[in-house]
Each structure stands twice: as C-alpha cells, then as structure tokens.
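Subject: Structure handover

Hello,

Here is the structure for you to look through. My notes on it follow below.

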Amino acid sequence: MQVDTIVLDIDGVLVDVANSYRRAIVETLDRTYGETIDREGVQSFKNAGGFNDDWELTHAAALYLLASREGYDYSLERFTEAIAASGGGLDGAHTVVADALDPDARERVHAAWDPDALTDTFQQLYLGSDLYRELEGDDPAVETEGFVHDETVLASSGTVETLTERYAVGVVTGRPEREAAIALDRVGLELPDEHVVTMDSPVAGKPDPEGLVGLAGRLDAERLAFAGDTLDDVETVHNAREVDDRTYFGVGVLTGGLTGESGREAFERVEADAVVGTVDDLPDLLE
C-alpha cells in the first residue's frame with residue numbers, strides 16, 4: 001500500500017466522539033421525547049449506511065421512536081436493517097415508516113417530528129452555551145458546558161508530524177466547517193481550506209465519492225489511502241474507484257463505533273484494504 005496521499009476522517013479517527021456527538025444524539029432524543037436509544041443503537045444506524053450526518057441520524061432515530069408509539073413493534077436492529085435494505089440514510093428511514101404504518105399513523109408521526117428543533121437541541125448540547133452563541137448567533141434555551149469539550153484526541157503529535165511530512169494530507173468529514181476547524185486545531189493538524197471537505201462543502205456527503213475524488217484532484221494524488229471509522233468510509237473508496245482512474249485504498253480504523261475483532265470483521269466484510277487499531281498505526285502501515 002504505497003501511497004502519495006492520505007485522507008483522514010475526523011470523528012472516530014482523529015478525535016473520539018463517543019462522549020460528544022454520539023452522546024448528543026442520545027440526549028437530544030431523551031430531552032425531546034422522554035425516551036431514547038442507546039449507543040449500540042446509534043452504531044446500528046451507522047452500519048445501515050447513509051448516516052454520515054449525525055443530525056440526520058438523530059432525525060431517523062426520532063422517526064423510529066415516534067413510529068414505535070404508533071404501533072411499529074419491531075426492534076431498532078430490525079428497523080435499521082430495513083433502512084439498509086431500502087437504500088440507507090434518512091430517505092430509507094422514511095421508506096420503512098411509510099411501509100410499516102397506515103396513513104393516519106404516518107400523519108401523526110410526521111406531525112410530531114420536527115427535524116429543525118432536533119438539530120437545534122443537538123447543537124445546544126454539543127456546542128454548549130458559549131459556542132452556541134458564537135457559532136449559531138442565538139441564545140440557547142439550555143445553559144450547558146457543551147459535549148464538544150469532552151472530545152479527546154486520538155492522533156499523537158508524532159503521527160500528525162509524520163503523515164504531513166511524508167504525504168499530501170486531506171480531510172473528508174461530515175462535520176460542519178466550523179466544528180471541523182475546532183477538531184483539527186485540537187489535533188494540531190493545519191491544512192489549507194481547500195484540502196478539507198466538510199458538510200458545508202458543495203458536494204454530496206459520504207458514501208458519495210464526489211468529495212473524495214475532488215480532493216484527490218486538488219492534492220494531485222495518484223495513489224491515495226482514505227482512513228475512516230465507518231463502513232460508509234470504505235464504501236466511499238469503492239465508489240471512487242468506479243468514477244476515477246486513480247488508485248484508492250480504504251483503511252478501517254477501530255477507534256470509532258466499530259471496535260475489536262467484531263469491528264475488524266465488519267470492515268473485512270465490506271472489503272477494506274486494511275484495518276488498523278488506531279490512526280497511530282497508519283505510518284507503519286503506509287511504509
């Protein structure tokens with residue numbers, strides 16, 4: 001796996017988001033509906049595909065809770081499996097609900113489903129009061145410190161230095177631009193804006209390959225490895241190969257929701273080219 005370029009995901013690769021983004025999903029649902037899903041449930045949505053955007057994952061989980069109140073009596077695992085079979089993502093969740101409920105029940109679900117309010121609650125919990133005022137330009141309804149401060153860095157300074165010295169480096173993330181900047185600053189990874197693809201970039205999100213392929217062009221890559229913590233990250237690489245003649249490798253990293261031997265097996269099932277324990281294993285892998 002000799003490459004000239006390395007592209008990194010942020011969440012679950014450079015920073016641990018178990019107590020920030022994933023906690024925000026769980027607590028947003030609980031604050032809104034008085035019930036929620038657990039963190040294993042969050043991973044079930046991730047494994048279904050199409051949930052690179054944690055806001056949309058929250059919206060889909062809300063659909064599950066509301067549908068359950070209207071008679072959907074299958075487990076969350078069954079719900080996410082049905083989402084995967086329906087193409088993944090929030091559109092897949094809507095399809096599952098539409099197929100499972102009668103018209104009156106569907107109408108009640110959508111009357112109680114407010115994605116904008118869910119996103120706003122999520123941001124208040126994740127950013128905390130001060131950052132929410134600064135970044136969102138509004139006063140929060142809840143005064144809180146913010147889960148963003150509970151993120152820990154997964155990449156050592158030595159790894160960051162080694163990768164940036166040896167390779168062209170870029171980032172493809174589902175984070176909004178300003179939140180990506182917070183994480184990269186914390187990691188100590190300084191990159192030009194054009195080498196960072198975020199939620200705010202004018203491209204489709206993962207697993208659509210548009211962001212990765214465009215970044216490969218800007219980095220003058222010939223052989224590129226993309227390291228991510230979800231199955232969608234590996235699928236992005238497969239999709240990039242279909243539309244671009246550069247050489248792409250997909251590397252699964254076991255510090256996100258997929259961990260241990262079961263995580264390794266999951267990455268191998270979707271034909272990741274390599275699986276590493278942490279991002280700090282990348283320099284040796286790429287040697």
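Asp-54 is buried (under 20% relative accessible area with a 1.4 Å probe, protein chains only; over 50% is exposed, and partly exposed is in between), at a relative accessible area of 9%. Its side chain meets that of Lys-46 in a salt bridge at 2.6 Å, N to O, the term meaning a side-chain nitrogen of Lys or Arg within 4 Å of a carboxyl oxygen of Asp or Glu. Lys-46 is also buried, at 9%.

This is a predicted model, in which local features need pLDDT of at least 70 and side-chain atom pairs count only at pLDDT 80 or more, while totals for chains, interfaces and linings use all residues. Residues are numbered from 1 along each chain as its sequence is written, and side-chain values use heavy atoms, leaving out hydrogens and water.

By the salt-bridge rule the count is 16. Arg-175 pairs with Asp-11, with the closest N and O atoms 2.6 Å apart. The two are 164 residues apart in sequence, so the pair ties together distant parts of it. Both are buried, and they belong to a network of salt bridges with Glu-151 and Arg-186.

Arg-133 and Asp-130 also form a salt bridge, at 3.8 Å between the closest N and O atoms. Arg-133 is partly exposed, at 32%, whereas Asp-130 is exposed, at 63%.

An automatic or database assignment divides the chain into domain 1 (5-16 + 153-286) and domain 2 (21-147). Their C-alpha centres lie 25 Å apart. Zero salt bridges are counted between them.

Regards

Conventions. Helix = DSSP H or I, 4+ residues; strand = E, 2+ residues; numbered from the N terminus.
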